Structure formats: structure tokens, C-alpha cells
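Please review the briefing below alongside the sequence and the coordinates.

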Amino acid sequence: MADLSKIVEDLSALTVLEAAELSKLLEEKWGVSAAAPVAMAMPAGGGAAAPAEAAEEQTEFTVVLLDGGDKKINVIKEVRGVRADLGLKEAKDLVEGAPTNVVENVSKQQAEEVAKKLTEAGAKVQVK
């Protein structure tokens, strides 16, 4: 058992390139395809890094209006300022239909600006 544990530790320490090279060597040595085992082994080694990379690479954000708050008229005005494509009725429906997306697929800076404006108007928002 101790030998198997050591093998597992050694395999866990391999880089992606080393794992790919090992796969090729095993295929040549035993004449089998290791495509399925490699695919299953890769998430175990790279799975921990994937969520961190995804969080760092996020470039598009969505501002969600959670609640219009007590000053809905001010929030409706801000929604119309942010979303020029909405008329008064559509902006009112958006605020009253919370939780709803106010803007989608915008830069982090723009999402923060929209969230700040809506929060100052009395709304509760979330940036995703």
C-alpha cells in the first residue's frame, strides 16, 4: 500500500505536459489508449485552479436589481438614465419586477458605476 500511495503522490505532482508525455509512453508500452483515464485525471489536478482562473478572467458583469427600495421613483429615474432604451413604463416595470437584470455583459467599471448610481437612489443591487 505504501508504494501505491507514493505513486499517487508522484502522479499528483506532474505538470500537464508531463502527464501528457506519460500517457503517450503508457500507450506505446502497453498498446492501449489512455484517453479516458487522462480526461478523468486532468480535472483532479487542474480542478482546483480552474475556479480561480475563471474568477480572474471574468470580463463581463451583470448588475441585478434586488429591490427598488423605498424611493422607487428615484430608482426608476436612474434605471432610465442607465438604460436609454427603456421608456418610463418599461423602467417602472423593471424596478417593480425585481429581482431583475438592469444591465448585462458590461465591463467591471461600468457595472460598478451602475450599481453605485442605483444604490445611491435607494435600490439594493448585486454585481455578478
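The points below cover the overall fold, the nonpolar core and one helix pair.

This is a predicted model, in which local features need pLDDT of at least 70, side-chain atom pairs count only at pLDDT 80 or more, and totals for chains, interfaces and linings use all residues. Residues are numbered from 1 along each chain as its sequence is written, and side-chain values use heavy atoms, with hydrogens and water left out.

**Overall fold**
- The protein chain has seven helices and three strands, taken as DSSP runs (helices H or I, at least four residues; strands E, at least two) numbered from the N terminus.
- Along the sequence, the elements follow the pattern α-α-α-α-β-α-α-β-α-β.
- Of the 128 residues, 20% count as buried, that is, under 20% relative accessible area with a 1.4 Å probe, protein chains only.

**Nonpolar core**
- The largest nonpolar core (buried Ala, Val, Leu, Ile, Met, Phe, Trp, Tyr and Cys residues joined through side-chain atoms within 4.5 Å) has 18 residues, and Leu65, Val75, Val79, Val102 and Leu118 have the most contacts inside it.
- Two or more residues each come from strand S1 (61-67), helix H5 (72-82), helix H6 (88-96), strand S2 (100-106) and helix H7 (108-120).

**Helix pair H5 and H7**
- The axes of H5 and H7, lines fitted to C-alpha atoms over the stretch in contact, come within 8 Å and cross at roughly 160 degrees.
- H5 and H7 are therefore roughly antiparallel, the term for angles over 145 degrees.
- Val75, Glu78, Val79 and Val82 of H5 meet Val114, Lys117 and Leu118 of H7, with contact meaning heavy atoms within 4.5 Å.

How values were computed:
Buried means under 20% relative accessible area, exposed over 50%, partly exposed in between (1.4 Å probe, protein chains only). Axes are lines fitted to C-alpha atoms, for helices over the stretch in contact, and angles run from 0 to 180 degrees between N-to-C directions. Angles under 35 degrees count as roughly parallel, over 145 as roughly antiparallel, 65 to 115 as roughly perpendicular and the rest as oblique.
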